[in-house]
Amino acid sequence: MDVERPLPREVKVIDSASLFRLEERAGDLGLSQRLDLTWVRANAAPGGTHYLWPALWHTLSHRPDVPDHVRWELLITLRTGDRVVSWLDVIPDDFTTLPKMTSREEGMQVRQLLDQVPSVREWLLREGEGSGRL
């Protein structure tokens, strides 16, 4: 973790295709904070809007081949209309090109949702799917 490096000061707004691409990239790189891509494809709303909120820089000192990356809080809109929160590690080359939120009001709403909605694990348990799905 690099506490000296400032976090991006923006919230990213992504569509489902971008979410799938970022989850797949995190899997390809072996980053630890990601969801099972099959679950994401099955549950994320196809036309949904999802949000990334920067949390911390993460460094894998034991894997110099993997660039430092930001661990983002991820707000996912599901097919059911529910929203859930998770984490997603994203390297700078992938997040700098993503669109950023421009409305402060929308940003405050996203922050409130991130603090209130269940985690993916909590949602799975509530839906009776168990935590073994991820």
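**Exercise 1. A histidine and its polar partners**

Which side chain does a polar contact of 2.8 Å join to that of His-50? Work it out on this predicted model, then describe the surroundings of His-50.

*Solution.*
- Step 1: locate the residue. His-50 is part of strand E2, which runs over 49–58.
- Step 2: check accessibility. The cut-off for buried is under 20% relative accessible area. His-50 comes out at 0%, so the residue counts as buried.
- Step 3: look for the side-chain partner. That partner is Ser-16, with 2.8 Å for the polar contact between the two side chains.
- Step 4: look at the backbone too. The nitrogen of the Thr-77 backbone is 3.1 Å from a polar atom of the His-50 side chain.

**Exercise 2. Rings that meet**

Find how many aromatic pairs the whole structure holds, then take the pair of Trp-72 and Phe-95 and classify its geometry.

*Solution.*
- Step 1: count. Searching the whole structure gives three aromatic pairs.
- Step 2: pick the two descriptors. A ring pair is described by how far apart the centres are and by the angle of the planes.
- Step 3: apply them. For Trp-72 and Phe-95 the centres are 5.2 Å apart and the planes make an angle of 70°. The threshold for edge-to-face is over 60 degrees, and the pair is indeed edge-to-face.
- Step 4: map the pair onto the chain. Trp-72 belongs to strand E3 (residues 69–77) and Phe-95 to helix H3 (residues 92–95), so the pair ties together parts 23 residues apart in sequence.
- Step 5: check the setting. Trp-72 and Phe-95 are both buried.
- Step 6: extend the network. Through ring pairs, Trp-57 joins Trp-72 and Phe-95 in a cluster.

**Exercise 3. Charges over rings**

Which residue has its charged end over the ring of Trp-57, and which one lies over the face of Trp-53?

*Solution.*
- Step 1: start with Trp-57, a member of the ring cluster. The charged end of Arg-5 sits over this ring, 4.1 Å from the centre.
- Step 2: place Arg-5. This arginine is in the segment before strand E1 (12–15) and is partly exposed, at 29% relative accessible area.
- Step 3: compare sequence and space. Arg-5 and Trp-57 are 52 residues apart along the chain, with their C-alpha atoms separated by 7.5 Å.
- Step 4: turn to Trp-53. Here Arg-111 lies over the face, 4.9 Å from the ring centre.

**Exercise 4. Two pockets, two linings**

Work out what lines the largest pocket, then do the same for the second largest, using the residues closest to its centre.

*Solution.*
- Step 1: get the volume. The largest pocket comes to about 280 Å³.
- Step 2: list the lining. It consists of Pro-8, Arg-9, Glu-10, Val-11, Trp-53, Pro-54, Met-101, Ser-103, Arg-104, Gly-107 and Met-108.
- Step 3: assign the elements. Strand E2 (49–58) and helix H4 (104–116) each contribute at least two lining residues, and H4 gives the most, with three.
- Step 4: sort the chemistry. The lining splits into six nonpolar, two polar and three charged residues.
- Step 5: repeat for the next pocket. The second largest pocket has a volume of about 200 Å³. Among its 13 lining residues, Gln-33, Leu-35, Val-85, Ser-86 and Trp-87 are the closest to the centre.
- Step 6: assign elements again. Strand E4 (83–90) and helix H5 (120–126) supply at least two residues each, with E4 giving the most, at three.
- Step 7: sort this lining as well. The result is six nonpolar, four polar and three charged residues.

**Exercise 5. Sequence separation against distance**

Say where Leu-98, Arg-83 and Trp-123 are placed, then pair each with its C-alpha separation.

*Solution.*
- Step 1: Leu-98. This residue is in the loop between H3 and H4 and is buried, at 6% relative accessible area. Its C-alpha atom is 7.2 Å from that of Val-13, 85 residues away along the chain.
- Step 2: Arg-83. This one is in strand E4 and is partly exposed, at 33%. Between the C-alpha atoms of Arg-83 and Val-117 there are 6.4 Å, for 34 residues along the chain.
- Step 3: Trp-123. Found in helix H5, Trp-123 is buried at 2%. Trp-123 and Gly-107 are 16 residues apart along the chain, with 23 Å between the C-alpha atoms.

Conventions
Residues numbered from 1 in each chain as written. Predicted model: local features only at pLDDT ≥ 70, side-chain atom pairs only at ≥ 80, totals over all residues. Heavy atoms only, no water. 1 Å grid on protein atoms, 1.4 Å probe; cavity = no way out; pocket = protein on both sides within 12 Å on 5 of 7 lines; lining within 4 Å. Points joined across faces, edges and corners; volume = space filled by probe spheres on them. Helix = DSSP H or I, 4+ residues; strand = E, 2+ residues; numbered from the N terminus. Nonpolar A, V, L, I, M, F, W, Y, C, P; charged D, E, K, R; others polar. Phe/Tyr/Trp six-rings, centres within 6.5 Å; stacked < 30°, edge-to-face > 60°. Buried < 20%, exposed > 50% of the residue type's maximum accessible area, 1.4 Å probe, protein only. Lys NZ or Arg CZ within 6 Å of the ring centre and 35° of its normal. Polar contact = N/O pair within 3.5 Å; in protein donor to acceptor, adjacent residues only side chain to side chain.
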